[in-house]
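Here is a set of short exercises on one protein chain. Try each task before reading its solution.

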Amino acid sequence: MFKTKLTIGLVLSATICLSLFNMVIILLSTHHRSNTVKGLRVGDNGQVELDLAGILMPGDAPTDAFLKDPIINKHDYKYIHNPSGLCQNRTINLLVGVVSTPKNFWQRKRGRRFGNADDGIIVVFILGMADSNGLQRRVNQEFKHHNDVLQSAIVETPRNLSLKTVALLKWASTHCSGAKFVLKKDDDVELEPYSILNALRRKYERFQNFIMGNSKYLVEGPIRQEVSKYYTSYAEYGEPFFPMFVHGPAYGFPMKTVEILYQVSLRTKLFWLEDVYVTGICAKRANIPVFFDIRFIYEHVGIDMI
């Protein structure tokens, strides 16, 4: 009996979905090819394609309406180390901005394997301030040897991760604007760079501005339990749900999107959850679509694996 009911249910569900799909096909047939209709589009080859940006976020071009608003976050933190020549006289396909902390020398040693200058993949590490003179001297030596550390006068605390990510956006926009794409990732995250680059290139064929990453959920909201390390007060964020966003350990975008997001961040109230802030709040304000891609499913690498 249970199998019979299950079979009938599946058939009915399939019939309803097919009917809705046929209705969309009829609707699409009244539009020109390549138009987006509620998350579906007809490609140049005549096939109907699913377009998540059309379903979950506005599919229109990014807006610059925010530029009329005053700057409220200057983001003028002093550089302690600035590898300003890292991108000069190079063809850069992918700039990898690795968010790290001063003490994570082993993670950065492993992270340098991610880069390949011959293929245009360049790595820069984003750091805040060291908490001791001895640690800072070690970072100074590291910078002198590798010239790939961007260190800003930002206090190292989880509540300042948004500032460090904005520091990457700012630096990439001003010192590495010739890069085609930018990947932001944490220093304990393992990804395949060529798969990431290919995914970004393919999406760029249809969208000149976008954010690509990964998330376990389509809808998330602030945690109100004060015992949680992710506790967010109503004063910090008053809405019940966040805009759609991708999770912070890894996400990427074209350079033009980086420049837009940086300009938005100058004019948007800071929020401490950096992935929500950059890929959710700022992206929504600029009308930039967000995509999920399986190639951004990451693994955390422990110190024992380095």
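The model is predicted.

**Exercise 1. Aromatic pairs**

Task: How many aromatic pairs does the chain count, and how are the rings of F181 and Y204 arranged?

Solution.
- Start with the count, which is 8 aromatic pairs.
- Take F181 and Y204. Their ring centres are 5.6 Å apart, and their planes stand at 90°.
- Apply the cut-off: planes over 60 degrees apart count as edge-to-face. The F181–Y204 pair is therefore edge-to-face.
- Place the two residues. F181 belongs to strand β8 and Y204 to helix α6, so the pair ties together parts 23 residues apart in sequence.
- Check the burial. F181 has a relative accessible area of 4%, so it is buried. Y204 is partly exposed, at 38% relative accessibility.

**Exercise 2. A pair across the chain**

Task: Describe the geometry of the F210 and F291 pair, then say where each residue lies.

Solution.
- The centres of F210 and F291 are 6.4 Å apart, with 75° between the planes. This pair is edge-to-face.
- F210 sits in the loop between α6 and β10. F291 sits in strand β12, residues 290–292.
- The two are 81 residues apart, and their pair links distant parts of the chain.
- Both F210 and F291 are buried.
- Ring pairs also build a cluster, made of Y237, F242, F245 and F271.

**Exercise 3. Helix α6**

Task: Which residues of α6 are buried, and what covers them?

Solution.
- Find the helix first. α6 runs over residues 193–204, which is 12 residues.
- Check its span. From first C-alpha to last, α6 reaches 16 Å, close to the 16 Å expected at 1.5 Å a residue.
- List the buried residues: P193, I196, L197, A199 and L200.
- Look down the axis of α6. The buried residues fall within an arc of 160°, so they line one face of the helix.
- Now find the cover. It includes β5 (94–99), β6 (121–127), β8 (181–186), β10 (211–213) and β11 (250–254).
- Finish at the N-terminal end, which E192 caps. A side-chain oxygen of E192 lies 3.0 Å from the backbone nitrogen of Y194.

**Exercise 4. The nonpolar cores**

Task: How many residues are in the largest nonpolar core, and which elements give two or more residues to it?

Solution.
- The largest nonpolar core has 45 residues.
- Those with the most contacts inside this core are L95, V124, W171, I211, F253, L261 and F271.
- The elements giving two or more residues are β5, β6, α5 (161–175), β11, α7 (255–266) and α8.
- α7 gives the largest share, 7 residues.
- Zoom in on F253. Leaving aside neighbours within four places in sequence, F253 is in contact with L169, F181, V182, L200, F210, I211, V258 and L261.
- There is also a second, separate core of 28 residues. V139, F181, L191 and F291 are among them.

**Exercise 5. A glutamate in α8**

Task: Is E274 buried or exposed, and which side chain does it join in a polar contact?

Solution.
- Locate E274. The residue is found in helix α8, residues 274–285.
- Its relative accessible area is 7%. Buried means under 20%, so E274 is buried.
- The partner is K184: a polar contact of 2.8 Å joins the side chains of E274 and K184.
- List what E274 touches, not counting residues up to four places away in sequence: L161, S162, T165, K184, G248, Y251 and T279.

**Exercise 6. Two positive phi values**

Task: Where do N89 and N287 lie, and is each buried or exposed?

Solution.
- Begin with N89. Its phi is positive, about 55°, although N89 is not a glycine.
- N89 lies in the loop between β4 (79–81) and β5. With a relative accessible area of 83%, N89 is exposed.
- Turn to N287. Its phi is also positive, near 65°.
- N287 lies in the loop between α8 and β12. At 13% relative accessibility, N287 counts as buried.

**Exercise 7. The whole chain**

Task: How many helices and strands does the chain have, and what share of its residues is buried?

Solution.
- The secondary structure comes to 8 helices and 13 strands.
- The chain has 306 residues, and 46% of them count as buried.
- Consider contacts between residues at least 6 apart in sequence. Of these, 76% join residues at least 24 apart.

Definitions and conventions:
Residues are numbered from 1 along each chain as its sequence is written. This is a predicted model: local features need pLDDT of at least 70, side-chain atom pairs count only at pLDDT 80 or more; totals for chains, interfaces and linings use all residues. Side-chain values use heavy atoms; hydrogens and water are left out. Helices (H or I, at least four residues) and strands (E, at least two) are DSSP runs, numbered from the N terminus. The expected span of a helix is 1.5 Å times one less than its number of residues. Buried means under 20% relative accessible area, exposed over 50%, partly exposed in between (1.4 Å probe, protein chains only). The arc is that of the directions from the helix axis to the C-beta atoms. Contact means heavy atoms within 4.5 Å. A polar contact is a pair of N or O atoms within 3.5 Å; within protein, one must be able to donate a hydrogen and the other to accept it, and residues adjacent in sequence count only if both atoms are side-chain atoms. A nonpolar core is a set of buried Ala, Val, Leu, Ile, Met, Phe, Trp, Tyr and Cys residues joined through side-chain atoms within 4.5 Å. Rings of Phe, Tyr and Trp (its six-membered ring) pair if their centres lie within 6.5 Å; planes under 30 degrees apart count as stacked, over 60 as edge-to-face and the rest as tilted.
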